[in-house]
Amino acid sequence: METKPRILIVDDERLLRWALERKCVEWGYEPQPAESCAQARQLCQTGVPDLVLLDIRLPDGNGVDLLRELRTGAQPPAVILITADPKLDDVKTALRLGAFDYLSKPIDFDELKITIANALETGQLRQQVEALQDQVRRTRPAAEVVGTSPALRTMMQFVHRAAASAGTVVLLQGESGTGKDLLAQVIHRESRRAGGPFVPVNCAAIPETLIESELFGHEKGAFTDAKTTKRGLFEAANGGTLFLDEIGELPLPLQSKLLRTLEEQTLRRLGGVRDVALDVRVVAASNRNLQAEVDAGRFRQDLYYRLSVLPIFIPPLRNRPQDIPILAKFFIEQFNRRFDRRVEGLAPEAERIMLGYSWPGNVRELKNTIQRAMILEDGPLIRAEALPFAANSHLPALATAFPGASQAQGNGAVAWQPLPSGRFAPDLHIPPEGTSMDEIEKRLVAAALGAAHGNQSQAARLLDITRDTLRYAMRKHGLRGSEK
């Protein structure tokens, strides 16, 4: 038999307490009434309730003090405040202590029903997240920072201090590919919030029209498609860490709202009128120089100062070349396990070339280089020929889509030339004034027909389309070919 959620009702108004009991029974909950702090403590000794409806003003004490006691348990219940004066400082204090929400007297029971359901759902989701995180921690090795260079060691000292601090904001700055996401995970894993969720967000990947709703959530009816209330990513990260990657991409109006959230540890959902309490550490990251963005007027100065309480600068790989062989070995071992290979390491010439390379893509580029080399190489060592930036590389230049393509210039957007094998390859030339997809399609179809000597069936095979599709494109662009 399914156990009903237990709700402790703490209020000294007898009539309200009776009404709340009746409603809880009607909604499928098991109510436990208490008229004082002492009675509430006594009931909690027999078992922690799932949720507490808590009045602030009680005859033998303050509900905020009782809230503090409830929040110290291993599995604290959700708490919804009931108050006759929502402007009281006690309400703000209670929200900062972790109260789920508050309701003003007289109670709107429809609103109360929804709030209780949301609070219980949030508690269940948090338990599921904690269980999943424990499972992941048992089955997946922790993120690892690899290297022994002085620059890396100095940076890691700051990372460990930031993780151990009680501060709620950390700023990571470094070039693309330096491992900002990895360091954010390290900070979360080593902090007191390690048991909470880690929620990564790429600010550059969310459309500007959606990012406020994604981060802060929205109330039902806030906009046309807002059919229900939605909690944002800040609330999803409550009790843990929110990683805001590419924070320099945030629109200026949203930067102001983010600043308020960081300052007050509360948020207001889009379309909402009440504040929601938070307990979230924000790790922000950017590959831009945020001070330069401030000077250019693209980033708020006050937000930059708030984020810069604990700034950490990640050195690029070119500034720590002694870490390159160590990282290469680490990735070789990683891909040996993934590909079931037995690659032993780098050939001396390959290592020399890698040490002299500038690595504009940093650690991410090095990882991709090792992966590609291990796919192409069959021997026990990665040779210089397997490195795309080596002078004697047997890999095609990235600018050439297919090997053997003619480098015909001309003023067209794209030119194609037949290959000895009968295939054809592109040589892209986008003019400064741009071009259209129709023009590219026309030239592509014409090139395929040319490579197939006008044979429509063969041209369709070259383009991996049906002959009917090819004929439609030929009519569209006024092209001719044989009927074969």
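An open sheet of 5 strands runs in the order β9-β10-β13-β8-β14, with parallel pairing. Strands here are DSSP runs of E with at least two residues, helices are runs of H or I with at least four, and both are numbered from the N terminus. Two strands count as paired if DSSP finds at least two bridges between them. Because β9 (198–202) and β14 (311–313) each have a single partner strand, they stand at the edges, and one side of each is left without a neighbour in the sheet. From one strand to the next, the twist averages 15 degrees; the axes behind this value are lines fitted to C-alpha atoms, with angles running from 0 to 180 degrees between N-to-C directions.

Let us look at one pairing in detail. Strand β8 (residues 169–173) pairs with β14 in the parallel sense over 3 bridges. Leucine 172 has isoleucine 312 in β14 as its bridge partner.

A word on the model itself: it is predicted, so local features need pLDDT of at least 70 and side-chain atom pairs count only at pLDDT 80 or more, while totals for chains, interfaces and linings use all residues. Residues are numbered from 1 along each chain as its sequence is written, and side-chain values use heavy atoms, leaving out hydrogens and water.

Next comes a charged residue. Glutamate 246 sits in the loop between β10 (241–245) and α10. Which side chain of opposite charge is nearest to glutamate 246? The answer is lysine 180, 4.9 Å away, and glutamate 246 is buried yet has no salt bridge. Buried means under 20% relative accessible area, exposed over 50%, and partly exposed in between, with a 1.4 Å probe and protein chains only. A salt bridge needs a side-chain nitrogen of Lys or Arg within 4 Å of a carboxyl oxygen of Asp or Glu. Lys and Arg count as positive, Asp and Glu as negative, and His and the chain ends are not counted. Leaving aside residues up to four places away in sequence, glutamate 246 touches Asn202, Cys203, Ala204, Ala285, Ser286 and Asn287, where contact means heavy atoms within 4.5 Å.

Finally, the backbone. Most residues other than glycine have a negative phi, and most peptide bonds are trans. The table gives two residues with positive phi.

| Residue | Phi | Loop | Relative accessible area |
|---|---|---|---|
| Glutamine 265 | near 55 degrees | between α10 (252–264) and β11 (266–267) | 15%, buried |
| Aspartate 340 | near 55 degrees | between α13 (324–339) and β15 (345–346) | 59%, exposed |

The peptide bond from lysine 105 to proline 106 is cis, with omega near -5 degrees. Proline 106 belongs to the loop between β7 (101–104) and α5 (109–139).
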